[in-house]
Amino acid sequence: MGRGLVAVLLGVCAASPSAAQATGDPAAVNGLFRLFVDSKHVLVRSLVQDYSMPVAGDVNLTLHWNNEHVTIPGVSAPVGSPEAIDAITTASRPISGDAYQDYEKVRNELEGQVTRGPVAVGYYYSMESDYVGQQVSATYNRDLRDDQLNLSFGTSWGWDDILPLENQRSTTAASTKNTLHWNAVATQLLSPTSVVRFGVEYNHVSGLQHNPYRLVYAGGTTVPERHPDSRERRDAFVKFHQYLSNRSSLQFDYRIYDDDWGVLSHEIAGGLSQYVTRGFYARYQYRWYRQSSANFWSDDYTTTQGIDGYLTGDYRMSPLSSHLFGLSLNADLSVLAPDSPTLRRFALTFDYERYFNNENYSADILETGVEFRF
Amino acid sequence: MKIMKRASWRRAAWLLLAAALCAPSLTGCAAKGVAAYQRENLADPIMAFQTRAKKDARRVRALEAREGSTGGIGGEGGGCACK
């Protein structure tokens with residue numbers, strides 16, 4: 001599992017409870033249950049655990065574990081037929097054995113981060129039956145101008161091993177994908193009631209970037225999907241928060257993204273957070289998204305060579321627009337029940353989101369979370 | 001024609017963002033300063049960026065499997081079973 005994971009585990013062992021208590025800062029555990037159900041009947045159930053604790057001095061350790069169980073419905077048409085192609089575009093699965101039965105896969109994700117003052121370093125490991133992802137990351141941030149401005153710089157390097165399972169209709173050898181990422185983020189106080197954040201991000205992705213199981217209908221037959229091996233992705237975003245006098249706040253987000261595959265996208269989001277009573281608030285949100293197609297996307301490939309040698313059956317490469325509505329409820333029991341020695345250590349969250357796009361795709365996302373502070 | 005239209009949209013959007021980046025400095029809002037005792041509202045959970053950070057990261061990861069873009073949070077993760 002790599003030396004990075006060993007280092008994280010050693011860090012856990014070194015972070016004894018007595019060391020945490022010595023600093024006087026509370027440790028906290030977060031538990032989250034997440035359910036994702038979409039209109040293609042793909043079901044993702046996630047159990048997330050986050051653990052944060054001070055180790056010694058100004059050193060803080062955070063650990064994250066996510067166990068995901070994914071159920072992908074069986075193919076609903078003869079394997080390899082044009083009708084069956086849509087059934088496998090929303091998630092990766094091999095077509096082998098009894099393809100008409102549901103396919104299930106499990107993913108486990110572990111992440112550790114050590115923070116000391118303005119510097120943080122982290123390691124990420126994700127494993128599933130046909131995919132292993134790893135990443136190392138580092139960030140540095142600094143307050144400037146009497147703490148009016150914070151600048152943050154981050155970078156990461158990820159290396160993924162892709163190990164396609166046996167598939168009846170296509171053969172893809174084991175492959176890799178590498179991702180270099182960097183970002184710069186500035187957060188500026190504007191007034192006692194408003195703050196703005198700007199950021200730019202860059203990713204260079206190299207290696208296998210298409211679904212090794214997906215087939216594309218082209219030239220009267222089906223051929224394996226083929227995307228370019230290199231992709232440069234960049235985006236910039238701005239987030240603005242305004243506090244209002246009736247104990248509420250408005251949030252506005254905008255993001256622009258483009259890449260060298262020809263995809264250009266805009267995202268606009270707005271939110272309103274409102275206290276219902278002390279320690280309990282609701283958040284309403286809306287997100288609008290629109291993107292152009294990749295240069296090699298087509299809804300009708302006339303030859304098996306596609307466009308410039310590339311073919312895609314991935315609707316994420318097509319012109320796309322989507323909407324998302326969300327409601328979030330947050331209760332801090334340290335405010336709602338301050339006299340209870342047990343209850344005041346808890347915070348509760350409930351989130352629901354409804355997503356839909358112009359590809360007749362929709363999804364419901366439900367999250368419930370509990371935080372316990374030691 | 002389609003490529004030219006896309007390029008002009010792209011240029012306009014990047015210019016708009018650059019203007020937004022410069023706006024606080026041009027208006028002088030940022031230069032006035034916010035004293036420490038004036039930051040009570042800014043530290044409220046409904047104002048803090050940190051409150052939404054983990055949730056935003058989970059959403060970006062889920063939407064990466066449904067849309068062609070990424071980003072907006074300052075980081076990117078690895079593999080995802082839901083793709």
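## A loop to start with

Where in chain A does Asn360(A) lie? Look in the loop between β17 (346–357) and β18 (362–373) of chain A. Keep in mind as you look around that this is a predicted model. Asn360(A) has a phi near 60°, which is a positive value in a residue other than glycine. At 70% relative accessibility, Asn360(A) counts as exposed, because the cut-off for that word is over 50%.

Asp147(A) is another residue to look up. Its phi is positive too, at about 65°, although Asp147(A) is not a glycine. You'll find Asp147(A) in the loop between β6 (131–144) and β7 (149–162) of chain A. With a relative accessible area of 43%, Asp147(A) is partly exposed.

## Chain A in overview

Now step back and take in the whole chain. Chain A has 4 helices and 18 strands. Of its 374 residues, 48% count as buried. The surface that chain A exposes comes to about 17100 Å², and carbon and sulfur atoms supply 58% of that area.

How does the chain meet itself? Take the contacts in chain A between residues at least 6 apart in sequence: 56% of them join residues at least 24 apart.

## Strands β8, β9 and β12

Let's follow a run of paired strands. β8(A) and β9(A) pair in the antiparallel sense over 14 bridges, and a hairpin joins the two through 2 residues. If you want a pair to find on screen, try His181(A), whose bridge partner in β9(A) is Asn203(A). On from there, β9(A) is joined to strand β12 (residues 230–244) of chain A by 13 bridges, and these strands also run antiparallel. Here Val195(A) stands opposite His241(A) in β12(A).

How many of the 14 residues of strand β9 (residues 194–207) of chain A are buried? The count is 10, so β9 is largely enclosed by the rest of the structure.

Thr187(A) is worth a stop on the way. This residue lies in strand β8 (residues 175–191) of chain A and counts as buried, at 13% relative accessibility. Its side chain makes a polar contact of 2.9 Å with the side chain of Arg197(A). Leaving aside neighbours within four places in sequence, Thr187(A) is in contact with residues including Gln148(A), Val195(A) and, over in chain B, Phe49(B).

## Strands β14, β15 and β16

Here is another run of strands. Strand β14 (residues 264–277) and strand β15 (residues 280–291) of chain A run antiparallel and are joined by 12 bridges. Gln274(A) has Ala282(A) as its bridge partner in β15(A). The hairpin of β14(A) and β15(A) has 2 residues between the strands, and in it Gly279(A) takes a positive phi near 85°. β15(A) is also joined by 12 bridges to strand β16 (residues 320–332) of chain A, again antiparallel. There, Arg283(A) stands opposite Ser328(A) in β16(A).

Is Glu267(A), with a relative accessible area of 14%, buried or exposed? Glu267(A) is buried, because the cut-off for that is under 20%. This residue is found in strand β14 of chain A, and its side chain has charged-looking company to check out: Arg255(A), through a polar contact of 2.6 Å, and Arg287(A), through one of 3.2 Å. Not counting residues up to four places away in sequence, Glu267(A) touches Asp253(A), Tyr254(A), Trp288(A) and Tyr289(A), among others.

## Nonpolar cores

The largest nonpolar core has 15 residues. Those touching the most other members include Phe36(A), Val42(A), Ile72(A) and Tyr355(A). β3 (59–72), β16 and β18 of chain A each supply at least two residues of this core. Another core, of 10 residues, lies apart from it, with Leu189(A), Tyr243(A), Val34(B) and Leu42(B) among its members.

## Where chain B meets chain A

Finally, the partner chain. 53 residues of chain B are in contact with 90 residues of chain A. The area buried between the two chains is about 6000 Å², and carbon and sulfur atoms give 54% of that. Which residues of chain B lose the most area to chain A? They are Ile46(B), Phe49(B) and Arg66(B), which together make up 14% of what that side buries. Phe49(B) is a name you've met already, as a contact of Thr187(A).

Notes:
Residues numbered from 1 in each chain as written. Chains lettered and ligands numbered in written order. Predicted model: local features only at pLDDT ≥ 70, side-chain atom pairs only at ≥ 80, totals over all residues. Heavy atoms only, no water. Buried < 20%, exposed > 50% of the residue type's maximum accessible area, 1.4 Å probe, protein only. Contact = heavy atoms within 4.5 Å. Areas by Shrake-Rupley, 256 points an atom, 1.4 Å probe, with all protein chains shown as cover. Pairing = 2+ DSSP bridges. Polar contact = N/O pair within 3.5 Å; in protein donor to acceptor, adjacent residues only side chain to side chain. Core = buried A, V, L, I, M, F, W, Y, C linked by side-chain atoms within 4.5 Å. Buried area = accessible area lost by both parts, 1.4 Å probe.
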